[in-house]
Amino acid sequence: MDYFVQYLCAFVVGGLICVIAQVLIDKTKMTSARILVLFVVCGVFLTAVGLYDYLVEFADYGARIPLTGFGYSLCKGVFNSIDEYGFRGIFTGGLPDVATGVVMAVVFGLIASIVSKPKSKK
Amino acid sequence: MSDNLDKLTVKQYQKISDSNSGKSNIVKNCIMAFIFGGLICTIAQGYSDLLASKPVVRVIGILDEKSIGALTVLFMVFLGSLLTALNVYDCIGTVAGAGSIVPITGFANSVVSPAMEYRSEGLILGVGAQMFQVAGPVLVYGTASSVLVGLIYYLVKI
């Protein structure tokens, strides 16, 4: 039952974040790149003011997997390393926490570009 | 001539269908985005629970929370990349809309998809340069805003 609630929270919160993006796409005709940038920046600022922590606590991966969670990791990393290293933490803290995703995307991107061909778009 | 006629009618049709079903389309898109976005997050949740489950722990040992988080992101990026490489992710995208863009799998897709597409323009200026078409801005503004809030946090702290 405990598991069920957690999965439900992840599903609902993750889904709702995507719905916000979908409404923005349909209503304002924003391109997906703009949406993604907006979401990451929102994630950073929501984490900075302390709101996103509640969401992560509540929904766990429902809040971490959407791109706002990317901003959450960036901001968390910066804050933690400022606590630890002081001034230089502002610049060294953000990227290590998101490096996994970025590095793997690059590696898989390279592999995919070599072994796979895109279906011709019509 | 007939080609022209086809295009016209398609355009007209779209105009008519847009004006008639604009509202219900948004509702339908939102439901789809909700289902797929939620599903992707649930898969990630399931994978992280799998990493913490007993049989897996017996094989690879107990992982701390940060490693589980990183491995889950890794898995989702892998999933997004694989589905993109198999040309499946675009099909999901036409149905799921934002539900496939916003999760980290969509980030993977935004890197892998141009990498594949620009392969024909060479490895350096094609794949290498175009890979971050969409992910680049995300990283630039994500990093910049994290430095900004970091600076504020640092100044408030001292």
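Mentor: Two residues are in contact if their C-beta atoms, placed from the backbone, lie within 7 Å. Keep in mind that this is a predicted model.

Trainee: How many residues of chain A and chain B are in contact on that basis?

Mentor: The count is 61 residues of chain A with 58 of chain B. Helix 1 of chain A gives the largest share of the chain A side, 16 residues. By class, that side has 43 nonpolar, 14 polar and four charged residues.

Trainee: What makes up chain A in terms of helices and strands?

Mentor: Seven helices and zero strands. Its C-alpha trace spans about 50 × 35 × 35 Å along the principal axes.

Trainee: What share of chain A counts as buried?

Mentor: Of its 122 residues, 53% do. A residue needs 20 or more other C-beta atoms within 10 Å of its own to be called buried.

Trainee: Now chain B. Why is helix 3 called oblique to helix 6?

Mentor: Helix 3 (residues 65–85) of chain B packs against helix 6 (residues 104–117) of chain B at about 45°. Angles under 35 degrees count as roughly parallel, and 65 to 115 as roughly perpendicular. The angle fits neither class, so helix 3 of chain B is oblique to helix 6 of chain B.

Trainee: Which hand does the crossing of these two helices of chain B have, left or right?

Mentor: The crossing is right-handed. Among the residues making the contact are Val73(B) and Met76(B) of helix 3 and Ile104(B) and Val112(B) of helix 6. By class, the contact has eight nonpolar, seven polar and no charged residues.

Methods: Residues numbered from 1 in each chain as written. Chains lettered and ligands numbered in written order. Predicted model: local features only at pLDDT ≥ 70, side-chain atom pairs only at ≥ 80, totals over all residues. Helix = DSSP H or I, 4+ residues; strand = E, 2+ residues; numbered from the N terminus. Nonpolar A, V, L, I, M, F, W, Y, C, P; charged D, E, K, R; others polar. Buried ≥ 20, exposed ≤ 12 C-beta atoms within 10 Å, placed from the backbone. Axes fitted to C-alpha atoms, helices over the stretch in contact; angles between N-to-C directions. Parallel < 35°, antiparallel > 145°, perpendicular 65-115°, else oblique. Left-handed = near helix turned anticlockwise from the far one by under 90°.
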